[in-house]
Amino acid sequence: MKIELSNTIKNIPENVFYPIFKLISEESSSGKPLLNAGIGVPDSDTPELLLKELEIAIRKPENMRYGAFDGKITLLNEISQWLKEKYNIDANPKDEIALVFGTKSGLSSIPSVLLNPNDTVLLPVPSYPDYIQGIALAQAKYEEIELKQENNYLVDYSDIPEKLVKDAKLIFLNYPSNPIGAVATKEFYKETVTWAKEHNIVVLQDHAYSDFYYKDGYSPAFMQTIGAKDVGIEFFSFSKNFSISGLRIGFAVGNKEIIRGLKEYNTIFHANIYGAIQDTVVTALKNHNLLTEHIKETYSKRIDKITSKLDELGYSYFKPDGGIFIWLKVKDGYDSQSFFELLLKKYRIVTMPGHVFGYGGENYIRLSLSLSDEQIDILIEKLESLNNDLNNR
């Protein structure tokens, strides 16, 4: 009997990270140590406070039974209160907030919630590659919109071709951005709301790196903007800021109809998030300031230390105002793939080649800031060796 997969599965693009991870795995098997500057997760250990709460929560009998599909009201209320305190966002916990099984899962599901086959999505690039697979699952299509450094990698709505705007149903935003580290402004979000209303385009803002912001104040939230609930939703992650990526939990806030559709999608495919995880996140939010106060100072120091050496070695790069990456231009004579392989195979540095993030990344690599002081010193030594080798060839 011949088993044939559906056209939907056949037409999903291969995960662009697979061949990259395969190369990294091959190099790691050689026994020579690798410096991992490609990882997209903060290097901090999970706070002891959260580990203790998880230990307690797994012993609660109610957490070993089926829970409410929409999540515990204690967590939904805590999210609503946190949004109000941090961003002055009013969000009804019953119909304007939806829990998701990690932001990746939530982001990937929105195209299926909102789009019909062959609908068009606007995808600003370079961007997080996994957006594309969610679009493919909905049997929709996407058009890349180039983000430019002269515009601080913010979308220039006036530069999007009129035909694309006319056809589009949805646009993805991601600030602070992966892979670039660009951040949005309140003025940009006001412009976004006006543009989205005028053209009837839904806005999806991915705010996974909300606490990784190095300017004064905090990273603006799209939902702070007047009218934002009319045009879209915003996703937040608990993985990065609380170092609990393995627990797979985040949430979306915004338009009631979109939230309703997302909840319906979740009831079909996911049932409910484990109650002990939800209890742990309640504790995390109650102690948000305490658990995240180190982020700005720690990562700002790392950025300054690495970029001062990059300046000395003659690299071009975008200095991030948010996120956990440096968008680094490759040396002359290389593209992103060849420079990635040079760093990996000869200098034992793991990065991510920029081409996997879409148009505009062909001459860049993504360098992670999830490195200890000792690892940064090793990175600097290796980059110095690379420069000496290139200058002496």
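Biologist: In strand 10, which residue is the bridge partner of F318?
Modeller: Bear in mind that this is a predicted model. Strand 9 and strand 10 (residues 325–329) pair in the antiparallel sense over 2 bridges. Look across from F318 into strand 10 and its bridge partner is W327.

Biologist: OK, and in what order do the 4 strands of that open sheet run?
Modeller: Start from the edges: strand 9 (317–318) and strand 12 (352–353) each have a single partner strand, so one side of each is left without a neighbour in the sheet. The pairing is antiparallel, and the order reads 9-10-13-12.

Biologist: At about what angle to strand 10 does helix 14 run?
Modeller: Helix 14 covers residues 295–313 and lies across strand 9, strand 10 and strand 13 (364–368). Its angle to strand 10 is about 10°.

Biologist: Now the sheet with 7 strands: what is its order?
Modeller: It's an open sheet with mixed pairing. Its edge strands, strand 2 (97–100) and strand 4 (141–146), each pair on one side only. From one strand to the next the twist averages 20°. Reading across, the order is 2-8-7-6-5-3-4.

Biologist: Which residue in strand 8 stands opposite I97?
Modeller: Strand 2 is joined to strand 8 (residues 250–254) by 4 bridges, and the two run antiparallel. Opposite I97 in strand 8 you'll find V253.

Biologist: Which helix packs on the sheet there, touching strand 2, strand 7 and strand 8?
Modeller: Go to residues 73–87, where the helix direction makes about 115° with that of strand 2. The helix touching those strands is helix 4.

Biologist: Which helix gives the largest share of the lining of the largest pocket?
Modeller: That pocket holds about 630 Å³ of space and is lined by 31 residues, with G40, V41, Y128, Y209 and K240 nearest its centre. Helix 2 (17–28), helix 5 (103–114) and helix 10 (239–242) each supply at least two lining residues. The largest share, 4 residues, comes from helix 2.

Biologist: And how many charged residues are in that lining?
Modeller: By class, the lining of the largest pocket has 14 nonpolar and 11 polar residues. The charged ones number 6.

Biologist: Last one: which residues does the UniProt domain annotation cover?
Modeller: The unreviewed UniProt entry calls the domain "Aminotransferase class I/classII large". Across that stretch the chain is 41% helix and 16% strand, with the end C-alpha atoms 14 Å apart. According to the entry, the annotation covers residues 34–383.

Note on methods: Residues are numbered from 1 along each chain as its sequence is written. This is a predicted model: local features need pLDDT of at least 70, side-chain atom pairs count only at pLDDT 80 or more; totals for chains, interfaces and linings use all residues. Side-chain values use heavy atoms; hydrogens and water are left out. UniProt positions are given in the numbering used here, feature names are shortened, and annotations may be inferred rather than shown by experiment. Two strands pair if DSSP finds at least two bridges between them. Axes are lines fitted to C-alpha atoms, for helices over the stretch in contact, and angles run from 0 to 180 degrees between N-to-C directions. Contact means heavy atoms within 4.5 Å. On a 1 Å grid over the protein atoms alone, a cavity is a set of points where a 1.4 Å probe fits but cannot get out, and a pocket is an open set with protein on both sides within 12 Å along at least five of seven lines; lining residues have an atom within 4 Å of a point. Grid points are joined across faces, edges and corners, and a volume is the space filled by probe spheres set on the points. Ala, Val, Leu, Ile, Met, Phe, Trp, Tyr, Cys and Pro count as nonpolar, Asp, Glu, Lys and Arg as charged, and the others, Gly among them, as polar.
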